[in-house]
Structures are given as C-alpha cells and as structure tokens.
Amino acid sequence: MPTSVVIGAQWGDEGKGKIVDSYAKDAGIVVRFQGGNNAGHTIETPEGKTVLHLIPSGILHEGTKCVIANGTVVDPWILAEELEGLKAAGHDVGPDRLLLHPRTHLILPWHRMLDSARESLRGDRKIGTTGRGIGPAYEDKVARFGVQAWMLGQKEHLMDRLNTIAQMRRPTWNGLSIKVPSVEEVADRLLEIAEKILPFVQDPSELLDSALKTGEPAVLFEGAQGAMLDLDYGTYPYVTSSNTITGGVCTGAGIGPRWIHHVVGVFKAYCTRVGEGPFPTEIDGDLGEEIRAAGNEYGATTGRPRRCGWVDLPALRFVIRHCGMTMGALTKLDVLSGQDKIPVCVAYELNGERLDVLPMRPDLVVQLKPIFEELEGWKEDISGVRNYQDLPEAARRYVEYLSDALDLPYASISVGPGRDAIIPVRNPYTASIVL
Ligand code: IMP
C-alpha cells in the first residue's frame, strides 16, 4: 500500500482531523511531522467529540500506531493532558501505540511568555499567533539550544541546555520585562512530567522504514495548519513557524521523497482564516457572520472567531503547485446549503489589471481585489447524502466546477461534522475510484 499525505490547502482549519480519522482506518501508522499544539483537530464519532492538538488524529482507530515526529514542537504538559483526556474517553493509549521522536523539540514555559510578549510589542502589526509558544520554540531549535525530548531522561544534559538557554535568552527576557521562572524551577517541572512522557520517547525510524519498504502497513502523514501558513511559501510574515507544505514531511518525519505517493489537499467549500494577515476573498458583514455561524467557525485551539471568505482559486492553485497535490478533499459543503449564489474568486485585480496567479511578493498580496464568478446555490440539506449522485444538481455543478478549475480530482467530499458524513470518491492511498 503506498503512502498518503494530508495537507491543509488553505489557512488551516479545513477539517483535516476528520479526514485523517476517515483515511486512518486503512492506515497502520499515522505521523504528525510539523507544528505543535497550535493545531486543533476535531473528530466527531458516535461516542462524542474529541479535539486533538498534538496526538495524530489516527489514534481513535485501535489498530493504528501514531508517531509524533521530530519536525513537531511538543509541549510536554499538553501532551500529558491529551493522553489523560483520551484515557477518560476510553482510549488508554500506551507506548505500543504512540511514539514520540527523541529529537522532538520541547515547548517550555518561557516560549509561551515570549510569544505573547512579542505579540504585545508588535501592536497593530501583531501576527495573531495562538500564543502557544510555537514560534519561540522553533527559534531555539534553529539557534541550536533547544531542549529535545530525549533530554527528559538525562538530567545532566537537560540542566546544561537549560542554563545555555537562560544565558542566551536572558537579554531578550530582560529587555521585554518577562518574568520567567528560574532554570531550577523549569527543570523540576520537566523532571516531574518526564515520568509521563519518557515511556513514549522512542525512535520510530525502523518502524517507518519497514512500513515504507514493504508497503505494509499503509502510512498516512498528517499535516497541521495550512499551506498558506507555511513559513516559506505562506503569506509571510503572517504565517506559522514550520513548513506546512508537503516538503515538510521529508525533514519533519525523516523520510526520503521517494516514499511520498499521494498528496491530498483538504479545502473547504468556502474559506476561513484565523489570526491576522491578508485574506483577499474575506466576506464582511452579516453574510460573513452567517457562514461563521453555519460552519461553527470558531478556533478549536483558542476559540477565536474565524474570518470567513469564498474559495480563492489562484491561492489554491499556488498551494497545489507547491505541494504536488494529487487529489483534493472538499469539506463542509453542507455549510453552503441555502445560499442563493456562491461566489468563487477566479483571479485578482491589482492596480487596475487582472492577475491570474497569486503573486509571490507579500506587499502585492495585501493589495489584491478578488474577481468573482458566481455559481448557483442549492436549498436542500445535504448532510445525509452519502452517494455523489444524490447531491442536488447545483451542488454537483459547484463541486465539479472546483475540480475542473483546479485540475484536481477528489478523494472525498465531506457533508457534515460526523465521522460518516463523507462521500468517498477515490482511495487516498492509490487514487483508484471507489464510487
Ligand atoms: P502560531 O502558529 O501560533 O505561531 O500562529 C501563527 C499564525 O498561524 C496565526 O495566524 C495563527 O492563527 C495561525 N495558526 C496556527 N495554527 C493554526 C491552526 O491550526 N489553524 C489555523 N490557524 C493557525
């Protein structure tokens, strides 16, 4: 069985958790390769709603092993909390099912403090981060004084590294008047939580290598955030601090590109963004509010209301190009039921001229005005539809219009939050048609 990568094709919150949960039933291993607990993946099963921030969304399938790989940044207290939550919900996850890469960098208390202090300092130039310390944790990794998961079991190394961080970062903390806990306090807290985390710290490379070489079991790579938030290719500087595009899989999970067979881009039937930054198709006023309410568009991590907009075809093409997407997973189609017309952004206007591609220069992206084409809407509630042919004609026309315009076949179409509210179209691992 080949591998598949699930990537957010917009600004995050595309419904990846549900898609990964759905595709994971055929995967033996699910791997998170970037980001941290800035992500919030919601899965609704008959047993209830589960929100995961760090643990891969495949964990709800008993037979699936999950890997939190080296490209992520992990807040050990949040991980412990998430494990407790799963246990309370009847999923007692042990080290046989969850592996935390020893080289994963840890988010420490001062990372969160620095994250919010920097946001305050930026004033109206703030990024609108999730405040989880993601950026500062990646900064320490690149600065080569980050704390890695293996150190939780090696007190001497841990103390040495914490002292180095304090020495290197003290001028920043003092400059921003951040009252950080002492090295001893952070060390005590880390050594206390280490008991719960260390059993999971295991090298996943042999497990992965064997699966990739033999094709058994299938491996699913779970992206977090969205490609438009990629550190290199997103709407910089309004981005996250990791590579959310497909390329992030190779460094973030330590595998060669030859093992990536299919890339599924998840995108909503409309579009949302949380946090600051350009959003050319944003809807102002009551209609934006209506979509937000219909789609329950509030952040799974921070509870912030999400900004709502229409599908942006040039932005999606930009993402498809940078991710080598082979299939799409359309989500939340049901949210558009009841709209008379559905605008789709087909190009932009910039300084009075038409532009068919998303420009690479961030200063131009903020000036774009969308050029819309309108498609007919539909009135019917489609949340119970499970066969493509049972969708109203206008809904099918919309779905097909997007696929044609993007030159991207579908793996699935999602019509509601529930686990079964999905119309499968192609096998996400082989691309063979399942209709
Ligand atoms: P950070 O990742 O917390 O540093 O936030 C940087 C930007 O990415 C902000 O605009 C956040 O709102 C956004 N962001 C981070 N994680 C997510 C996510 O999982 N969904 C949507 N937006 C996110």
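Select Val365 and display its surroundings: leaving aside residues up to four places away in sequence, Val365 touches Thr235, Pro278, Leu358 and Pro359. The model on the screen is a predicted one. Val365 belongs to helix α11, which covers residues 362-365. Is Val365 buried or exposed? Its relative accessibility is 8%, and because the cut-off for a buried residue is under 20%, Val365 counts as buried. Now add Pro95 to the selection and draw a line between the two C-alpha atoms. Val365 and Pro95 are 270 residues apart along the chain, and their C-alpha atoms are separated by 45 Å.

**The whole chain**

Zoom out until the entire chain is visible, and colour it by secondary structure. The chain contains 12 helices and 18 strands. Its C-alpha atoms fill a box of roughly 65 × 50 × 40 Å along the principal axes. How does the radius of gyration of the chain agree with that of a compact globule? For 435 residues, a compact globule would have a value near 22 Å, and the chain has 22 Å, so the two agree.

Next, switch on the surface. About 17900 Å² of the chain is exposed, and 49% of this area is supplied by carbon and sulfur atoms. Of the 435 residues, 58% count as buried. Contacts may also be examined by their distance along the sequence. Among those between residues at least 6 apart, 75% join residues at least 24 apart. Finally, colour the charges. There are 45 positive and 57 negative charges in the chain, and their mean positions lie 4 Å apart.

**Helix α3**

Select residues 109-122, which form helix α3. This helix has 14 residues and spans 21 Å from its first C-alpha to its last, close to the 20 Å expected at 1.5 Å a residue. Which residues of α3 are buried? They are Pro109, Trp110, His111, Leu114, Asp115, Ala117 and Glu119. When comparing positions in this list, recall a general rule. An α-helix has 3.6 residues a turn, so residues three or four places apart point the same way.

Show the partners of this buried set as well. The buried residues of α3 pack against four helices and a strand, namely α2 (76-88), α4 (134-142), α5 (155-175), α6 (183-197) and β8 (105-106).

Then select Ser116, which is also found in α3. Ser116 is partly exposed, with a relative accessible area of 38%. The C-alpha atom of Ser116 is separated by 19 Å from that of His53, a residue 63 places away along the chain. To leave the helix, move to Gly123, just after α3, where phi is positive at about 55°.

**Backbone exceptions in the loops**

The last stops concern backbone angles. Most residues other than glycine have a negative phi, and most peptide bonds are trans.

Begin with the bond between Glu216 and Pro217. This is a cis peptide bond, with omega of about -10°. Pro217 is placed in the loop between α7 (205-214) and β9 (219-222). Proceed to Tyr236 and Pro237, which are also joined by a cis peptide bond, here with omega of about 5°. Pro237 is found in the loop between β9 and α8 (248-253).

Now select Asn296, in the loop between α9 (285-294) and β12 (307-309). Although Asn296 is not a glycine, its phi is positive, at about 50°. Asn296 is partly exposed, with a relative accessible area of 48%.

The tour ends at Asp407, in the loop between α12 (393-406) and β17 (410-414). Asp407 is not a glycine either, yet it has a positive phi of about 55°. How is Asp407 classed by its relative accessible area? The value is 69%, and because the cut-off for an exposed residue is over 50%, Asp407 is exposed.

Methods
Residues are numbered from 1 along each chain as its sequence is written. This is a predicted model: local features need pLDDT of at least 70, side-chain atom pairs count only at pLDDT 80 or more; totals for chains, interfaces and linings use all residues. Side-chain values use heavy atoms; hydrogens and water are left out. Helices (H or I, at least four residues) and strands (E, at least two) are DSSP runs, numbered from the N terminus. The radius of gyration is taken over C-alpha atoms; the globule rule is 2.2 Å times the number of residues to the power 0.38. Buried means under 20% relative accessible area, exposed over 50%, partly exposed in between (1.4 Å probe, protein chains only). Contact means heavy atoms within 4.5 Å. Accessible areas come from the Shrake-Rupley method with a 1.4 Å probe; for residues, only the protein chains shown count as cover. Lys and Arg count as positive and Asp and Glu as negative; His and the chain ends are not counted. The place of a charge is taken as NZ of Lys, CZ of Arg, CG of Asp or CD of Glu. The expected span of a helix is 1.5 Å times one less than its number of residues.
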